[in-house]
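Here's a walk through one small model, from its overall layout down to single side chains. Have the sequence and the 3D view open as you read.

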Amino acid sequence: SEDVLSKDAGECAICLEELQQGDTIARLPCLCIYHKGQVFLRMLIKFKKVAFIGCIDEWFEVNRSCPEHPSD
């Protein structure tokens with residue numbers, strides 16, 4: 001499900017950027033959270049590139065399981 005993060009929550013296991021308050025996130029059934037469907041301004045500055053797709057959206061293009069729980 002899609003949600004807005006209410007407080008900082010550590011590192012996204014896909015992009016390794018911090019999950020910060022106000023970020024749009026996806027919460028999987030296993031309760032893991034990842035960036036979802038947003039432009040990552042922190043990544044734009046860091047890598048000088050545009051990223052229009054959320055981490056979990058891009059992950060699900062080639063995978064159908066949680067990055068941290070692949071056997072679930």
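## Cysteines without bonds

Cys15 counts as buried, because its relative accessibility is 19% and buried means under 20% relative accessible area, with exposed being over 50% and partly exposed in between (1.4 Å probe, protein chains only). This is a predicted model, where local features need pLDDT of at least 70, side-chain atom pairs count only at pLDDT 80 or more, and totals for chains, interfaces and linings use all residues. Residues are numbered from 1 along each chain as its sequence is written, and side-chain values use heavy atoms, leaving out hydrogens and water.

So how many disulfides does the structure hold? Zero, taking a disulfide as a pair of cysteine sulfur atoms within 2.5 Å. For Cys15, the closest cysteine sulfur sits in Cys55 at 3.5 Å, which is too far for a bond. Cys32 is in no disulfide either, with the sulfur of Cys30 the nearest cysteine sulfur at 3.6 Å. Cys32 is buried too, at a relative accessible area of 11%.

Cys66 belongs to the same topic. Its place is in the segment after helix 2, and at 7% relative accessibility Cys66 counts as buried. Leaving aside neighbours within four places in sequence, Cys66 is in contact (heavy atoms within 4.5 Å) with Leu28, Cys30, Cys32, Tyr34 and Trp59. Cys66 and Cys30 are 36 residues apart along the chain, yet their C-alpha atoms are separated by 7.9 Å.

## The fold

Stepping back, the protein chain has two helices and three strands, in the order β-β-β-α-α along the sequence. Helices (H or I, at least four residues) and strands (E, at least two) are DSSP runs, numbered from the N terminus.

Strand 2 and strand 3 pair in the antiparallel sense over three bridges; two strands pair if DSSP finds at least two bridges between them. One residue to look for is Ile25, whose bridge partner in strand 3 is His35. The two strands form a hairpin with five residues between them. In that turn, Leu31 has a phi near 80°, a positive value in a residue other than glycine. Leu31 is exposed, with a relative accessible area of 63%.

Leu16 makes a similar case in the loop between strand 1 and strand 2. The phi of Leu16 is near 70°, again positive in a residue other than glycine, and Leu16 is exposed at a relative accessible area of 53%.

## What's inside

Of the 72 residues in the protein chain, 33% count as buried. The accessible surface comes to about 4900 Å², of which 54% belongs to carbon and sulfur atoms; the areas come from the Shrake-Rupley method with a 1.4 Å probe, and for residues only the protein chains shown count as cover.

Which residues have the most contacts inside the largest nonpolar core? They are Cys12, Leu19 and Tyr34, in a core of 13 residues. Strand 2 (24-27), strand 3 (33-35) and helix 2 (55-62) each supply at least two residues of this core. A nonpolar core here is a set of buried Ala, Val, Leu, Ile, Met, Phe, Trp, Tyr and Cys residues joined through side-chain atoms within 4.5 Å.

Tyr34 is worth clicking on. Not counting residues up to four places away in sequence, Tyr34 touches a list of residues including Cys12, Leu19, Ile25, Ile56, Cys66 and Pro67. Helix 2 has Cys55, Ile56 and Asp57 as its buried residues, and these pack against strand 2 and strand 3.

## Salt bridges

A search of the whole structure finds two salt bridges, each a side-chain nitrogen of Lys or Arg within 4 Å of a carboxyl oxygen of Asp or Glu.

| Pair | N to O distance |
|---|---|
| Arg27 and Asp3 | 3.6 Å |
| Asp57 and Lys36 | 2.7 Å |

Asp57 lies in helix 2 and Lys36 in the loop between strand 3 and helix 1 (41-47), so this pair ties together parts that are 21 residues apart in sequence. Lys36 is partly exposed, with a relative accessible area of 22%.

As for Arg27 and Asp3, the closest N and O atoms are 3.6 Å apart. Arg27 lies in strand 2 and Asp3 in strand 1 (residues 2-4), so the pair ties together parts that are 24 residues apart in sequence. Arg27 is partly exposed at 32% relative accessible area, and Asp3 is partly exposed at 36% relative accessibility.
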